[in-house]
Amino acid sequence: MKKNLLFLLAGVCLVLAGCSTGGNETSDLKMYELKGNVKSVKATSTTNGIESLVYQLEFDEKGLATTHRYDNLWGDGPTISVERNEKGQVTAYVSIYPDAEIANVDAQYTYDSNGLLTTIEALWDGESNTKEMIEYNEKNDRTKTVTEFYDYDQTTVEEVEYIYTNFDQNGNWIEREAKVKSYTKDFDDIQELSFTEKREIIYY
């Protein structure tokens, strides 16, 4: 389920470069907890010794994502339409899949006064399916995410807490540990796991 939300974040970059708002463009780096003149980033996740790609992104010199690659579970990728607000921040996108059996995905994004992404809400066929809420520390690194997955009459909650173990010379994290706890609203079927995320960052 967590990978679905990572897809929502990574999937935006299919067409970010082509959907700007003129002079009000803003950098997309903050969405990915990046700062500095980042040229590319590759993020991987390792669970029980198995490594998988989370996202791989390239940015132009303005900090706008130009190309991306992610672990697509559904085969052919979607066509995406992106909306931005007056500050140039991504506020919503719609994904249209070539496979008719897969529902279209709407994702909506909200930010705090510092421009940090605070919520991602996904809608399937117009109904709320998933909502992720994000917390940060004073360095603007994510400390916790709480995601609610709505499935008919049951809501599953996933809490992820991050512990940062390594940063590069520009203050960007390059390794962190994630502790995950998932449960239903009735607190039954509690599951816990942990994984390691690493990033390779190249600068201009």
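Which ring does the charged end of Arg199 sit over? That ring belongs to Trp173, with the charged end of Arg199 placed 4.0 Å from its centre. Keep that pairing in mind, since we'll come back to this neighbourhood. One caveat before going on: what you're looking at is a predicted model.

Let's start with the overall layout. The chain has one helix and twelve strands. Walk along the sequence and you meet the helix, then the strands, in the pattern α-β-β-β-β-β-β-β-β-β-β-β-β. There are 204 residues here, and 45% of them count as buried. If you take the contacts between residues at least 6 apart in sequence, 41% join residues that are at least 24 apart. As for the outside, the accessible surface comes to about 10,900 Å², and carbon and sulfur atoms account for 44% of that.

Now for the inside. In soluble globular proteins, nonpolar side chains tend to be buried together. In this model, the largest nonpolar core has 23 residues, and Leu34, Phe59, Tyr109 and Leu117 are the ones with the most contacts inside it. Several strands feed this core with at least two residues each: S1 (38–47), S2 (50–59), S6 (105–111), S7 (117–124), S8 (127–136) and S12. S2 gives the largest share, four residues. Apart from this one there is a second, separate core of seven residues, with Val160, Tyr162, Tyr164 and Phe195 among them.

Phe59 also turns up in another grouping: together with Tyr32 and Tyr55, Phe59 forms one aromatic cluster. Across the model, the count of aromatic pairs comes to four.

Strand S8 is a good place to zoom in, and Ile134 lies in this strand. Is Ile134 buried or exposed? The relative accessible area of Ile134 is 8%, under the 20% cut-off, so Ile134 is buried. Leaving out residues up to four places away in sequence, Ile134 touches Leu117, Thr118, Arg142, Lys144 and Thr145. Leu117 is a residue you've already met, as one of those with the most contacts inside the largest core. You can also look across to Val146: twelve residues separate Ile134 and Val146 along the chain, while their C-alpha atoms are 6.7 Å apart.

Next, follow the chain to S12, which covers residues 191–203 and holds Glu197. Glu197 has a charged-type name you might look for on the surface, yet at 7% relative accessibility Glu197 counts as buried. What does the side chain of Glu197 make a polar contact with? The partner is the side chain of Arg176, at 2.6 Å. Arg176 has a further role in this picture: the charged end of Arg176 sits over the ring of Tyr162, 4.0 Å from the centre of that ring. Tyr162 in turn is one of the residues of the second core. Setting aside residues up to four places away in sequence, Glu197 touches Thr44, Ser45, Val54, Tyr162, Trp173, Ile174, Glu175 and Arg176. So the list takes in Trp173, the residue whose ring has the charged end of Arg199 over it.

Ser194 is in strand S12 too. With a relative accessible area of 43%, Ser194 is partly exposed, because that value falls between the 20% and 50% cut-offs. Beyond its neighbours within four places in sequence, Ser194 is in contact with Thr47, Ala178 and Lys179. The C-alpha atoms of Ser194 and Glu177 are separated by 7.2 Å, although the two residues are 17 apart along the chain.

The loops have a few details of their own. Most residues other than glycine have a negative phi. Asn48, in the loop between S1 and S2, has a positive phi near 50 degrees. Asn48 counts as exposed, at 77% relative accessibility. Asn140 sits in the loop between S8 and strand S9 (142–151), and its phi is also positive, near 70 degrees. Asn140 is partly exposed, with a relative accessible area of 35%.

Finally, take a look at the loop between strand S4 (79–84) and strand S5 (90–96), where you'll find Gln89. At 14% relative accessibility, Gln89 counts as buried. Its side chain is joined to that of Asn85 by a polar contact of 2.9 Å.

Key: Residues numbered from 1 in each chain as written. Predicted model: local features only at pLDDT ≥ 70, side-chain atom pairs only at ≥ 80, totals over all residues. Heavy atoms only, no water. Buried < 20%, exposed > 50% of the residue type's maximum accessible area, 1.4 Å probe, protein only. Polar contact = N/O pair within 3.5 Å; in protein donor to acceptor, adjacent residues only side chain to side chain. Contact = heavy atoms within 4.5 Å. Core = buried A, V, L, I, M, F, W, Y, C linked by side-chain atoms within 4.5 Å. Areas by Shrake-Rupley, 256 points an atom, 1.4 Å probe, with all protein chains shown as cover. Phe/Tyr/Trp six-rings, centres within 6.5 Å; stacked < 30°, edge-to-face > 60°. Lys NZ or Arg CZ within 6 Å of the ring centre and 35° of its normal.
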